[in-house]
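Here are some short exercises to work through with the model open beside you. Try each task before you read its solution.

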Amino acid sequence: MAALAASGSFAAEDQQNSFAQHAKSAQAAIASNDAPAARRELQAMLAIDPGNVDAHANLGMVEFLQGEYKEAARHFEAALTRVPALETAQAFLGMCEVRLGMAERGRERIEEALPRIADRTLHVQAGLDLV
């Protein structure tokens, strides 16, 4: 019985190590603008932890920058389901909605998030979607 318990803790530790390695690789890929590698690593993170907010938000960002607005929206929605006050995900989801033809809903979402966005570049980009 003790051997089974020990093997379970090793499996959990391996999974944590694997997740951490994928997270590190994803950040490196994002920093070097390697979208395919970032997507692969973020998807691997979600395979290990399907509810991980950071992985969903970052994968949404990668998909958005690649023009994959429907996929990006799906990931931003997943992140917001877990952390509704995540203003960057809210703004990006709004920008996705504007691009997907749901302009009114997208603009409302952007208007709600805009006052709480600290990142100047995102603030300007989201603001431009309102004009």
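The exercises below cover aromatic rings, two helix pairs and three single residues.

Before you start, note that this is a predicted model, in which local features need pLDDT of at least 70, side-chain atom pairs count only at pLDDT 80 or more, and totals for chains, interfaces and linings use all residues. Residues are numbered from 1 along each chain as its sequence is written, and side-chain values use heavy atoms, with hydrogens and water left out.

**Exercise 1. Aromatic rings**

Task: Find how many aromatic pairs the whole structure holds, and classify the pairs formed by Phe64 with Tyr69 and with Phe92.

Solution:
- Step 1: Rings of Phe, Tyr and Trp (its six-membered ring) pair if their centres lie within 6.5 Å; planes under 30 degrees apart are stacked, over 60 edge-to-face, and the rest tilted. A search of the whole structure gives three such pairs.
- Step 2: Phe64 and Tyr69 have ring centres 5.3 Å apart and planes at 65°, so they pair edge-to-face.
- Step 3: For Phe64 and Phe92 the centres are 5.0 Å apart and the planes at 75°, so this pair is edge-to-face. It links distant parts of the chain, with Phe64 in helix α3 (residues 53-65) and Phe92 in helix α5 (residues 87-99), 28 residues apart. Helices here are DSSP runs (H or I, at least four residues), numbered from the N terminus.
- Step 4: Check accessibility, where buried means under 20% relative accessible area, exposed over 50%, and partly exposed in between (1.4 Å probe, protein chains only). Phe64 is buried at 5%, Phe92 is buried at 6%, and Tyr69 is partly exposed at 24%.
- Step 5: Put the rings together: ring pairs join Phe64, Tyr69, Phe76 and Phe92 into a cluster.

**Exercise 2. Two helix pairs**

Task: Decide how α2 and α3 are oriented to each other, then do this for α5 and α6.

Solution:
- Step 1: Axes are lines fitted to C-alpha atoms, for helices over the stretch in contact, with angles from 0 to 180 degrees between N-to-C directions. Angles under 35 degrees are roughly parallel, over 145 roughly antiparallel, 65 to 115 roughly perpendicular, and the rest oblique.
- Step 2: The axes of helix α2 (residues 35-48) and α3 come within 9 Å and cross at roughly 155°. The two helices are therefore roughly antiparallel.
- Step 3: The axes of α5 and helix α6 (residues 103-113) come within 7 Å, crossing at roughly 160°. That makes α5 roughly antiparallel to α6.

**Exercise 3. Three single residues**

Task: Say whether Gln90 is buried or exposed, do this for His56 and Asn33, and list the contacts of Gln90 and His56.

Solution:
- Step 1: Gln90 sits in helix α5 and is buried, with a relative accessible area of 6%. Contact means heavy atoms within 4.5 Å; leaving aside neighbours within four places in sequence, Gln90 touches Leu80, Pro84, Arg109, Glu112, Ala113 and Arg116.
- Step 2: His56, in helix α3, is buried at 8% relative accessible area. With neighbours within four places in sequence left aside, its contacts are Leu46, Pro50, Gly51, His75, Ala78 and Ala79.
- Step 3: Asn33 lies in the loop between α1 (2-31) and α2, and is exposed at 71% relative accessibility. Its phi is near 55°, a positive value in a residue other than glycine.
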